[in-house]
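User: Please take a close look at one part of this model, going residue by residue through its surroundings, and then set that part in the context of the whole chain. I would like the reasoning behind each burial label to be explicit.

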Amino acid sequence: MNFYTDPGQHLFWIASRALGVAALLAVALSVGLGLAMATRSANGPGVMARVGQMHEATALVALIAIAAHGLALLGDTYLRPGLAGIAIPFVMAHRPAWTGMGIIGGWLAAILGLTFYVRRWIGPRLWRQMHRWTLAVYLLAVIHTLGAGTDGRSLWLLIIVLGTGAPIAVLAAARLVPSDEAVQRRPRRRIPLPSQPLPPNSSGRYRPVREYR
């Protein structure tokens, strides 16, 4: 049997592609759960806590799958990417632009995923600002999946991409475009003019005025 058509000669490549698809699914699930938390789509007693735990767990699964996806290529006798090829963007000879985007997405996923364990030191505000980039991880994963793989135009893979992308797009739109009700309830701080006195609070001290849209 020809070397290029014998699946036995490409076990590492096949394993890497399978792990890559698993990583894409885990990233999509983790990003979707994060958006569900941000948009308050999950309601009920204790639901947000459970969603948060699933969000963290799926992020870790995604990191493991991403790492295994890259490491499996080290055994491929055709590509022979080397450590630099799987760790440094745009170094691999095979479709460098598409593989480079995947590597960038992998490193970004690692940085954002590990922030779960340093949140108490960086603060919730910075943590939330950093986690806005989780959507970019999913987009880079999709671009890498469709551009770098030999099965990027396969129907089954397109179904997976569309199936994961549709709910993420809906949740992302709800997150980025708040409803009128949310805007009306959003507090807005008004800084009084120098000639206007600050209203006192219950303790007699003066505090800034808060307005609602």
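Analyst: Leu135 is found in helix α7, and I take this helix as the part to examine, bearing in mind throughout that the model is predicted. With a relative accessible area of 22%, Leu135 is partly exposed, because that value falls between the 20% below which a residue is called buried and the 50% above which it is called exposed. Setting aside residues up to four places away in sequence, Leu135 touches Val31, Ile168 and Ala172. A related distance concerns Val27, which is 108 residues from Leu135 in sequence, while the two C-alpha atoms are 9.3 Å apart in space.

Helix α7 covers residues 134-148, and His144 is found in it. His144 has a relative accessible area of 14% and is buried, so its label differs from that of Leu135, which is partly exposed at 22%. The contacts of His144, again without residues up to four places away in sequence, are His69, Trp98, Thr99, Gly102 and Gly149.

One of these partners, Thr99, deserves a view from its own side. Thr99 is placed in helix α4, and its relative accessible area of 5% makes it buried, because the limit for that label is 20%. Thr99 and His144 stand 45 residues apart in sequence, yet their C-alpha atoms are 6.0 Å apart in space. Once neighbours within four places in sequence are left aside, Thr99 is in contact with Met92, His94, His144 and Ala148.

Helix α4 itself spans residues 96-114, and Leu114 lies in it. In contrast to Thr99, which is buried at 5%, Leu114 has a relative accessible area of 49% and is therefore partly exposed. Leu114 also belongs to a nonpolar surface patch of about 510 Å², whose other members are Leu60, Tyr117, Val118 and Trp121. Trp121 has a further role in the geometry, for Arg120 lies over the face of its ring at 5.3 Å from the ring centre. A second arrangement of this kind places Arg119 over the face of Trp127, at 4.1 Å from the ring centre. As for pairs between aromatic rings, the count comes to one.

Beyond α7 comes the loop between α7 and α8, where Asp151 lies. At 16% relative accessibility Asp151 counts as buried, because 16% is under the 20% limit. Asp151 touches Arg17, Trp156 and Leu157, when residues up to four places away in sequence are not counted. Side chains of opposite charge can pair when their charged atoms come close. Here Asp151 forms a salt bridge with Arg17, and the closest N and O atoms are 2.6 Å apart. The two residues, 134 positions apart, link distant parts of the chain, since Asp151 sits in the loop between α7 and α8 (155-176) whereas Arg17 sits in helix α1 (residues 11-38). Both residues of the pair are buried, and a search of the whole structure finds one salt bridge.

Two backbone details outside α7 are also worth recording. Most residues other than glycine have a negative phi. Arg80, however, has a positive phi of about 50° although it is not a glycine, and Arg80 is found in the loop between α2 (47-72) and α3 (82-87). Its relative accessible area of 63% makes Arg80 exposed, because that value is over 50%. Arg95 likewise has a positive phi, near 45°, in a residue other than glycine, and its place is in the loop between α3 and α4. Arg95 is partly exposed, at 36% relative accessibility.

The setting for all of this is a chain with nine helices and two strands, which follow one another along the sequence as α-α-α-α-α-α-α-α-α-β-β. Buried residues make up 35% of the 213 residues, and His144, Thr99 and Asp151 carry that label. Among contacts with a separation of 6 or more, 57% join residues 24 or more positions apart. The chain exposes about 13,500 Å², of which carbon and sulfur atoms supply 66%.

How values were computed. Residues numbered from 1 in each chain as written. Predicted model: local features only at pLDDT ≥ 70, side-chain atom pairs only at ≥ 80, totals over all residues. Heavy atoms only, no water. Helix = DSSP H or I, 4+ residues; strand = E, 2+ residues; numbered from the N terminus. Buried < 20%, exposed > 50% of the residue type's maximum accessible area, 1.4 Å probe, protein only. Contact = heavy atoms within 4.5 Å. Phe/Tyr/Trp six-rings, centres within 6.5 Å; stacked < 30°, edge-to-face > 60°. Lys NZ or Arg CZ within 6 Å of the ring centre and 35° of its normal. Patch = residues over 30% accessible without salt bridge, like charges linked within 9 Å, V, L, I, M, F, W, Y side chains within 5 Å. Areas by Shrake-Rupley, 256 points an atom, 1.4 Å probe, with all protein chains shown as cover. Salt bridge = Lys/Arg side-chain N within 4 Å of Asp/Glu carboxyl O.
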